[in-house]
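Biologist: I'd like to learn how to read a structure from its side chains up. Could you walk me through it, one feature at a time?

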Amino acid sequence: MTAGSAAAKGPGASEAEVETSGKRSGGDLVSMIRYTSTTTGRGGKGNVTPVGNWTPPACWYEPRSAAEFSKYVEGMYDETVNTPGQHSYAKASVGMFRNEYKDGKYKNYNLDKKDEGNWWVAVRDEDRWTEPAAQLCDKQPFWVENGDAPPVENAVTPQVLAELAYNRIQLPKTEVTLAPETTTKVNLPTWAWLDKARFKETSVTAALDVGGLNIQATTTAKPVSLKLAPGTPDAETYPASGECTINDDGSIGEPYAKGKGDQNPPCGIRYLRSSGDGTFKLQATVTWEITWTGTGNPNPTQLPNGTFGNDQDVTVQEIQSVNR
């Protein structure tokens with residue numbers, strides 16, 4: 001991590017609300033963005049995967065007051081020069097960085113101008129810091145006068161907060177209920193459905209109140225469809241596209257009930273051959289529509305849809321007949 005960079009810590013999510021924030025850790029300045037996550041359902045969870053090539057930012061810039069920035073640089077300097085066995089080049093590097101803002105281009109961290117502007121620092125998502133995209137925010141901390149726009153891409157805005165919140169959405173495990181439950185028969189329609197109680201809207205709110213900037217954004221994921229992939233080309237899906245849309249009550253598909261044996265399911269699979277001594281990997285993937293609202297943006301605005309799914313084993317047997 002280069003001097004002046006920061007790392008962003010995310011909370012993930014839980015079944016209840018959870019709030020976390022950036023904090024100081026040794027000489028590292030971490031993100032001051034606070035995340036509040038709400039999720040529904042139980043069982044395993046996972047991160048949403050954007051549809052297409054879009055990804056949330058791996059790095060961005062945040063403001064710091066003159067006092068906060070001064071405290072950070074002095075703390076980083078003291079920690080580096082006082083660490084036993086620290087390499088001389090590290091001490092020299094941090095010394096040069098400190099001098100730039102204390103006695104060089106700037107004077108005493110601009111503390112005498114503390115009411116006239118803020119420092120802006122590069123922040124990297126700590127879970128993605130090895131990605132090339134995380135290295136793009138390589139500008140050293142810079143001063144921005146009040147009312148001026150930071151002259152960089154990815155300066156934090158409500159939309160950037162919404163995109164960062166997108167990366168912290170946690171979704172329930174996509175395990176469909178089947179009838180027959182685990183073992184079905186060749187050419188027998190297998191019904192598939194998802195309980196409406198497990199697939200409700202989930203949201204993450206990201207907020208930043210630092211350096212005179214007070215903004216927030218809430219990113220919300222809403223389930224819209226279920227995609228079934230049988231795990232073998234020797235199968236048919238219901239509907240033929242394999243895409244089961246969400247019902248008005250929030251459920252997907254329809255539970256099997258006695259007396260429906262001669263009907264095709266609104267959502268399901270018909271396997272055309274046996275799985276032999278093994279199983280087929282049925283992949284169930286839910287597509288989520290994702291929108292955001294926030295400071296200056298009261299109406300829901302689209303972000304790329306996201307998906308989350310998993311595999312489950314299905315055993316398919318031949319129907320045994322008896323010749324007399």
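Biologist: Let me start with a single side chain: is Trp54 buried, exposed or partly exposed?

Modeller: Trp54 is partly exposed, at 23% relative accessible area. Buried means under 20% relative accessible area, exposed means over 50%, and partly exposed is in between, using a 1.4 Å probe and protein chains only. Before we go on, please note that this is a predicted model: local features need pLDDT of at least 70 and side-chain atom pairs count only at pLDDT 80 or more, whereas totals for chains, interfaces and linings use all residues. Residues are numbered from 1 along each chain as its sequence is written, and side-chain values use heavy atoms, with hydrogens and water left out.

Biologist: How do I recognise an aromatic pair, and how many aromatic pairs are there?

Modeller: Take the rings of Phe, Tyr and Trp (the six-membered ring for Trp): they pair if their centres lie within 6.5 Å, and planes under 30 degrees apart are stacked, over 60 edge-to-face, and the rest tilted. Here that rule gives 13 aromatic pairs. One of them is edge-to-face, Trp54 with Tyr166, at 4.9 Å centre to centre and 70° between the planes. Trp54 is in the loop between β7 (49-50) and β8 (59-64) while Tyr166 is in helix α3 (residues 158-166), so this pair ties together parts 112 residues apart in sequence. Helices and strands here are DSSP runs numbered from the N terminus: H or I over at least four residues for a helix, E over at least two for a strand. As for burial, Tyr166 counts as buried at 0% relative accessibility.

Biologist: And what kind of pair do Phe69 and Tyr72 make?

Modeller: Their ring centres are 6.4 Å apart with the planes at 50°, so that pair is tilted. An α-helix has 3.6 residues a turn, so residues three or four places apart point the same way. Phe69 and Tyr72 are three residues apart in helix α1 (residues 66-82), about one helical turn. Phe69 is buried at 0% relative accessibility, and Tyr72 is buried at 1%. Both belong to one aromatic cluster, together with Phe97, Tyr101, Tyr106, Tyr109, Trp119 and Trp143.

Biologist: Which charged end sits over the ring of Tyr77?

Modeller: That of Arg98, 4.1 Å from the ring centre. The rule asks for NZ of Lys or CZ of Arg within 6 Å of the ring centre and within 35 degrees of the ring normal. Lys139 also lies over a ring face, that of Phe142, at 5.4 Å from the ring centre.

Biologist: Arg98 makes me curious about its helix. Which residues of α2 are buried?

Modeller: Ala90, Val94, Gly95, Phe97, Arg98 and Tyr101 are. They cover an arc of only 165° around the axis, which puts them on the same side of α2; the arc is that of the directions from the helix axis to the C-beta atoms. Ser88, Tyr89 and Met96 are exposed on the other side. The cover over the buried residues includes α1 and β9 (117-125), where contact means heavy atoms within 4.5 Å.

Biologist: Which residues have the most contacts inside the largest nonpolar core?

Modeller: In soluble globular proteins, nonpolar side chains tend to be buried together. A nonpolar core is a set of buried Ala, Val, Leu, Ile, Met, Phe, Trp, Tyr and Cys residues joined through side-chain atoms within 4.5 Å. The largest one here has 67 residues, and Phe69, Leu226 and Leu228 have the most contacts inside it. Strand β21 (residues 280-294) contributes the most to this core, with seven residues. Beyond four places in sequence, the contacts of Leu226 include Ala284, Thr285 and Val286.

Biologist: Last topic: the backbone. Where should I look for something unusual?

Modeller: Most residues other than glycine have a negative phi, and most peptide bonds are trans. Two bonds to look at are cis: Ala179 to Pro180, with omega about 0°, and Tyr238 to Pro239, with omega near -5°. Pro180 is in the loop between β12 (177-179) and β13 (183-185), and Pro239 in the loop between β17 (235-238) and β18 (243-245). Tyr109, not a glycine, has a positive phi of about 60°; this residue is in the loop between α2 and β9 and is buried at 1%. Asn187 has a positive phi too, about 70°, but is partly exposed at 44%.
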